[in-house]
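Subject: Structure handover

Hi,

Here is the structure for you to look over. Please open it first, then read the notes under it.

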Amino acid sequence: MMKKLKTQVGIIGAGPAGLTLAHWLRKHGIHSIILENRSREYVEGRVRAGLLEQNTVDIIKDLGLADRLLKEGQEHHGVYFSFDGQRIRVPFGELTGGRNITIYGQQKVVRDLTSAWLESGGELYFEAPAVGIRDFHTDKPIIDFEYQGEQGIIECDFVAACDGFHGIGRKTLPENSYNTFTRTYPFSWLGILAHVAPSTDELIYSYHERGFALHSLRSHKISRLYIQVDNDAHIEDWPDDRIWDELAIRLGTEGWELQRGPIFEKGITPMRSFMIDRLQSGRLFLAGDAAHIVPPTGGKGLNLAIADVKHLVDGLVEFYQKNSTLGLDHYSEIALKRIWRAQDFSNFMTRLFHKQDEHGSFQYRLQKAKFDYIRMSRAYATTIAENYVGLGFEAFGLTSAI
Ligand code: RFL
Ligand code: PHB
């Protein structure tokens with residue numbers, strides 16, 4: 001039998017964007033239903049981001065969903081940058097008047113938001129792929145989906161495609177309604193999770209002539225680390241010892257030692273920048289990775305997804321409370337300002353720390369000149385700091401919907 005559902009906002013995707021949107025809309029009395037292609041175990045186990053900007057933490061707090069985040073998340077006030085074995089600290093808290101980042105795994109965010117949604121009676125269908133979005137140029141769009149071997153439809157007022165880079169939202173936008181911008185990089189990240197106490201109190205981003213390395217963390221007992229590898233690298237060619245050896249060399253500074261431990265997660269991620277310049281067609285709206293990808297060097301992807309959602313909520317609340325489409329009509333324009341800012345910063349961080357050309361080349365010397373400039377100029381360090389912790393909504397001339 002055909003499953004027929006009805007809601008105000010039909011949300012595709014139960015990642016950070018879709019879940020935050022659902023909770024936030026509910027706070028304003030707006031009903032939504034979430035469809036998720038994968039199983040709950042898969043989505044909650046997917047290892048990805050870990051760096052939450054101040055804005056993101058504030059939003060999760062304001063939604064009343066930050067109990068575990070506040071207990072287990074680690075607030076950082078600075079970050080280490082290392083170049084050719086020389087390490088400096090950028091005290092971003094001090095440079096930005098007290099704005100900070102929090103380290104808390106994306107899976108935990110997803111787990112917290114999912115259980116809060118389900119426990120409070122929210123509708124979320126797992127293993128329920130959306131297979132079509134239609135009639136979004138009318139005021140009654142429809143999402144076609146599959147669930148337990150049956151076909152279903154959701155009749156809604158709006159469709160929010162929070163369905164990630166490979167979702168159907170972007171593919172459904174009319175071909176000529178937007179422009180695409182893509183940049184691929186000639187390297188990837190090999191990331192690990194290991195059962196070992198972090199060898200650092202704050203993140204270390206490092207340029208080394210053998211390539212980039214990043215020491216991040218998840219808890220007092222779990223470390224998260226990455227190294228730059230070639231795009232054709234295979235995980236089988238990277239046994240644990242080889243990874244640790246490479247990390248120790250690339251992150252090394254005098255008098256500092258990298259602690260090793262059992263690796264329990266390993267994966268390779270290609271690096272890309274991807275943008276479209278219109279996130280809406282009729283009543284279909286895109287948010288998060290569905291609309292843009294940034295290379296992970298700036299730690300921006302998840303935070304951008306949540307920022308998009310803020311603007312979408314603002315527009316939807318205005319529609320339901322004031323019967324005005326003004327905010328929704330300007331959604332793309334408003335969201336794109338921050339997205340381009342983050343694209344620029346992520347590209348900057350990627351080019352600053354990765355080996356792109358011969359060690360000693362012109363490109364290398366530009367990288368080194370930038371690193372030296374961070375050390376000598378508080379002004380330069382401050383622009384990096386304010387981008388790293390994330391600019392407040394007021395910087396873009398906006399106030400919060402909460
Ligand atoms: P997601 O998380 O991809 O969620 C989309 C969801 O949609 C589902 N879906 C569908 N559901 C129903 N029907 C369909 N047809 C569907 N098609 C897809 C998918 O199964 C999925 O559950 O997108 P969202 O919500 O936009 O969130 C974006 C973030 O996940 C992403 O930007 C970050 O993980 C990026 N990222 C980082 N971001 C940060 O802010 N800080 C970081 O430190 C950071 N580090 C990273 C990262 C991403 C990485 N990888 C692996 C790409 C580090 C790495 C290594
Ligand atoms: C992470 O902890 O996974 C992480 C942190 C900072 C980044 C990217 C990833 O820039």
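Below are the notes on the overall fold, the two ligands, one helix and a few single residues.

Overall

Please keep in mind that this is a predicted model. The protein chain carries 13 helices and 21 strands. Its radius of gyration is 21 Å, close to the 21 Å that the globule rule gives for 402 residues, so the chain is as compact as a globular protein of that length. Along the principal axes, the C-alpha atoms fill a box of roughly 65 × 45 × 40 Å. Of the 402 residues, 58% count as buried.

Ligand 1

Which residues come closest to ligand 1? They are Glu36, Arg46, Gln106, Asp289 and Leu302, out of 33 residues that surround the ligand. Three polar contacts are worth checking on screen. The side chain of Arg46 puts an N or O atom 2.7 Å from an oxygen atom of ligand 1. Asp289 also uses its side chain: a polar atom there lies 2.7 Å from an oxygen atom of ligand 1. Gly50 takes part through its backbone, with a polar atom 3.3 Å from an oxygen atom of the ligand.

On its own, ligand 1 has 1,000 Å² of accessible area, and the protein covers 89% of it. Two elements give two or more residues to the shell: α1 (16-27) and α9 (301-322). The largest share, four residues, comes from α9. By class, the shell holds 14 nonpolar, twelve polar and seven charged residues.

Ligand 2

Ligand 2 is surrounded by 15 residues. The closest are Tyr205, Ser216, Arg218, Tyr226 and Pro296. Again there are three contacts to look at. An N or O atom in the side chain of Ser216 is 2.6 Å from an oxygen atom of ligand 2. Tyr226 has a polar side-chain atom 2.6 Å from an oxygen atom of the ligand. The backbone of Gly299 offers a polar atom at 3.3 Å from an oxygen atom of ligand 2.

How much of ligand 2 does the protein cover? The figure is 97% of the 280 Å² of accessible area that the ligand has on its own. Here the elements that give two or more residues to the shell are β16 (213-217) and β17 (222-229). The shell divides into seven nonpolar, five polar and three charged residues.

Helix α6

Gln106 appears in the ligand 1 list, and Gln106 also belongs to helix α6 (residues 106-119). The helix has 14 residues. From first C-alpha to last, α6 reaches 20 Å, close to the 20 Å expected at 1.5 Å a residue. Its buried residues are Gln106, Gln107, Val109, Val110, Asp112, Leu113, Thr114, Ser115 and Trp117. An α-helix has 3.6 residues a turn, so residues three or four places apart point the same way. Just after α6, Gly121 takes a positive phi of about 85°.

Backbone angles to check

Most residues other than glycine have a negative phi. Asp135 is not a glycine, yet its phi is positive, about 55°. Asp135 sits in the loop between β10 (130-134) and β11 (142-147). Its relative accessibility is 37%, so Asp135 counts as partly exposed.

Asn323 is another non-glycine residue with a positive phi, near 55°. Asn323 is in the loop between α9 and α10 (326-329). Is Asn323 buried or exposed? Asn323 is exposed, with a relative accessible area of 65%.

Two buried residues

His208 lies in the loop between β15 (204-207) and β16. At 16% relative accessibility, His208 counts as buried, because the cut-off is under 20%. His208 and Gln86 are 122 residues apart along the chain, and their C-alpha atoms are separated by 10.0 Å.

Ile243 is in helix α8 (residues 240-251). Ile243 has 1% relative accessibility, so this residue counts as buried too. From Ile243 to Asp163 the C-alpha distance is 32 Å, with the two positions 80 residues apart in sequence numbering.

Best wishes

Terms used. Residues are numbered from 1 along each chain as its sequence is written. Chains are lettered from A and ligands numbered from 1 in the order in which they are written. This is a predicted model: local features need pLDDT of at least 70, side-chain atom pairs count only at pLDDT 80 or more; totals for chains, interfaces and linings use all residues. Side-chain values use heavy atoms; hydrogens and water are left out. The expected span of a helix is 1.5 Å times one less than its number of residues. Buried means under 20% relative accessible area, exposed over 50%, partly exposed in between (1.4 Å probe, protein chains only). A residue is near a molecule or strand if one of its heavy atoms lies within 4 Å of it. A polar contact is a pair of N or O atoms within 3.5 Å; within protein, one must be able to donate a hydrogen and the other to accept it, and residues adjacent in sequence count only if both atoms are side-chain atoms. Accessible areas come from the Shrake-Rupley method with a 1.4 Å probe; for residues, only the protein chains shown count as cover. Ala, Val, Leu, Ile, Met, Phe, Trp, Tyr, Cys and Pro count as nonpolar, Asp, Glu, Lys and Arg as charged, and the others, Gly among them, as polar. The radius of gyration is taken over C-alpha atoms; the globule rule is 2.2 Å times the number of residues to the power 0.38.
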